[in-house]
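Colleague: I am new to this entry and would like to go through it in pieces. Please show it, and I will ask as we go.

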Amino acid sequence: MSQEFSLFARMGKDLQASVLQELTFELKVSRVMTPGPYTLSSQHLMDDVKNVMRERRFSGIPVVDAGELVGIVSVQDLMRAFEEQALDAPIKRFMTSKEHLIIAMADEPVFEALKRLEQTRVGRLLVLNAEHQLVGMLTKGDIMVGLLRALEDAFSREEEQRRQQHPRRFFEALVSDETSLLMRYRIHANDFASGGKASAQIKQALLQMGAAPQLARRVAIATYEAEINLIIHTTDGGYLVAEIRPERITVVAHDTGPGIPNVELARRAGYSTASPLAREMGFGAGMGLVNIDRCTDELNIWTAVGVGTRVEMVFNVTEDGAKAGK
Amino acid sequence: MKVDEIAKATDGEILVLPAVDVDVDRAFAADLMSDILVFAQPKMLMITGLTNPQTIRTAEMSDMPVILFVRGKRPSETLIAMAEEIGIGVLLSPYTMYETCGLLYRAGMPGMGKLPIVQQN
């Protein structure tokens, strides 16, 4: 996990003020409270209170009669019972009764409850639902745990979002019967200065999508040769269109002329009709189509003199990027 | 062979350090980019007399980490900027292609080895 995703690395920064505060507004008390609290009835004895507090380490127990909250009995109340040696008295005699209770509503924001805890300095709030039934207890500890959990949720959601935005997950995030990505480039005739730009960008895209380096290299080399061909040989340049699918990459270079009079000859190693300028740039050795053939899984050339040429290069996606069947 | 060792063996100059401290394992020399594209491999040194930006593109496409220009032909600022951006190392040797290759070969840099002789036409 990188620093960027680390919960704690970000907590000390602007998060503390903004996100954390926002969360205390957004979070409802019901999300962070301890639900279904342990209760006693007002007819139980203070001796029961002593036992429950000792066994369960409670410092306050809500008192409920017939489903209705009637009060709370705390350690302080128990101490008074000790002083008066009245452990056999019912809770009713010592408890803090309903009208003095400090409560929180289940659908209140945590922020309000936190404020009440601060102002009244009580250790816990009793949480009531809309029907004024006791549904839980809320301490500062509950709030802290709840906030941390909410923060964690928020961050894992954010991380999930980022993960989906990451190109590696690109295709998984897009659902259709057949999903593909199309990258289209206009290539200008004799534009040697930009030669290879499109191929480099296609290569970068493939690598970012998680293609094996060898696959990216094969596609890049063949596309580069095709791109250079468009620059060297065409009258008006042409287009380079890469269609990327999860299992297959197709790159098409098409132009509007002049067309190849003899494809058989053009595919032969060493045959070239390139200009002196092309040769100066290190091309025109008659190796372009030969090299493309070597890098592709499938190479299809359609051409007609005076009409144009369409070179279709197909690459199967393999795990190690090597040519399929090799 | 590391970049500084290549520079030392050819009495050359390092113009751009490669983005990663690569240990080049073989070299290929040509002025034809298509020839280089046929034989290119990762971790292979490109030795060439051409100094146009297509040399950088060729290296970029085929994952070649370092280019060694020969006979003291200093490449343009544009090429240097491209190399820096992509992370390709650029070296300059004052010797000719033949002598630069000889010096590197003597220093122990291997090439492609013996290739089958093919009938071209």
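Colleague: Over how many bridges do strand 10 and strand 12 of chain A pair, and in which sense?

Modeller: This is a predicted model, in which local features need pLDDT of at least 70, side-chain atom pairs count only at pLDDT 80 or more, and totals for chains, interfaces and linings use all residues. Residues are numbered from 1 along each chain as its sequence is written, while chains are lettered from A and ligands numbered from 1 in the order in which they are written. Strands (DSSP runs of E, at least two residues) and helices (H or I, at least four) are numbered from the N terminus, and two strands pair if DSSP finds at least two bridges between them. Thr250(A) has Val314(A) in strand 12 of chain A as its bridge partner, and the two strands pair over seven bridges in the antiparallel sense.

Colleague: Which strand does a hairpin join to strand 10 of chain A?

Modeller: The hairpin runs through three residues. The two strands it links are antiparallel and share seven bridges, and Val241(A) stands opposite Val252(A) in strand 10 of chain A. The strand asked for is strand 9 of chain A, residues 238-244.

Colleague: Which residues of strand 10 of chain A point to one face and are buried?

Modeller: A residue is buried if 20 or more other C-beta atoms lie within 10 Å of its own, exposed if 12 or fewer, and partly exposed in between, with C-beta atoms placed from the backbone. Side chains alternate along this strand, and Arg248(A), Thr250(A), Val252(A) and His254(A) point to the other face and are not buried. The buried ones are Ile249(A), Val251(A), Ala253(A) and Asp255(A).

Colleague: Why does His188(A) count as partly exposed?

Modeller: His188(A) lies in the loop between strand 8 (181-187) and helix 10 (197-208) of chain A. In space, its C-alpha is 8.6 Å from that of Tyr239(A), although 51 residues separate the two in sequence. His188(A) counts as partly exposed because its C-beta neighbours inside 10 Å number 15.

Colleague: Which strands stand at the edges of the open sheet with the order 1-7-6-5 in chain A?

Modeller: That sheet has four strands with mixed pairing. Two of them have a single partner strand each, so one side of each is left without a neighbour in the sheet. They are strand 1 (34-35) and strand 5 (103-105) of chain A.

Colleague: Which helix packs on this sheet?

Modeller: Strand 5 of chain A runs parallel to strand 6 (residues 124-128) of chain A, joined by three bridges, with Ile103(A) opposite Leu126(A). The packing helix touches strand 5, strand 6 and strand 7 (134-139) of chain A, and its direction makes about 140° with that of strand 6 (axes are lines fitted to C-alpha atoms, for helices over the stretch in contact; angles run from 0 to 180 degrees between N-to-C directions). It is helix 7 (residues 110-120) of chain A.

Colleague: Turning to chain B, how many residues of strand 3 are buried?

Modeller: In strand 3 (residues 44-48) of chain B, Met44(B), Met46(B) and Thr48(B) are buried on one side, and Leu45(B) and Ile47(B) on the other. Strand 2 (residues 26-29) of chain B runs parallel to strand 3 and is joined to it by four bridges, with Phe28(B) and Met46(B) as bridge partners. Strand 3 of chain B is largely enclosed by the rest of the structure, because its buried residues number five of the five.

Colleague: Which helix of chain A gives the largest share of the largest nonpolar core?

Modeller: A nonpolar core is a set of buried Ala, Val, Leu, Ile, Met, Phe, Trp, Tyr and Cys residues joined through C-beta atoms within 7 Å. The largest has 69 residues, and among those touching the most other members are Val219(A), Ala226(A) and Val66(B). Twelve of its residues come from the helix in question, helix 11 (residues 213-233) of chain A.

Colleague: Which helix gives the most to the side of chain B that touches chain A?

Modeller: The contact (C-beta atoms, placed from the backbone, within 7 Å) takes 18 residues from chain B and 23 residues from chain A. Helix 2 (33-39) and helix 3 (54-61) of chain B each supply at least two residues of that side of chain B. The most, five residues, comes from helix 2 of chain B.

Notes. Contact = placed C-beta atoms within 7 Å.
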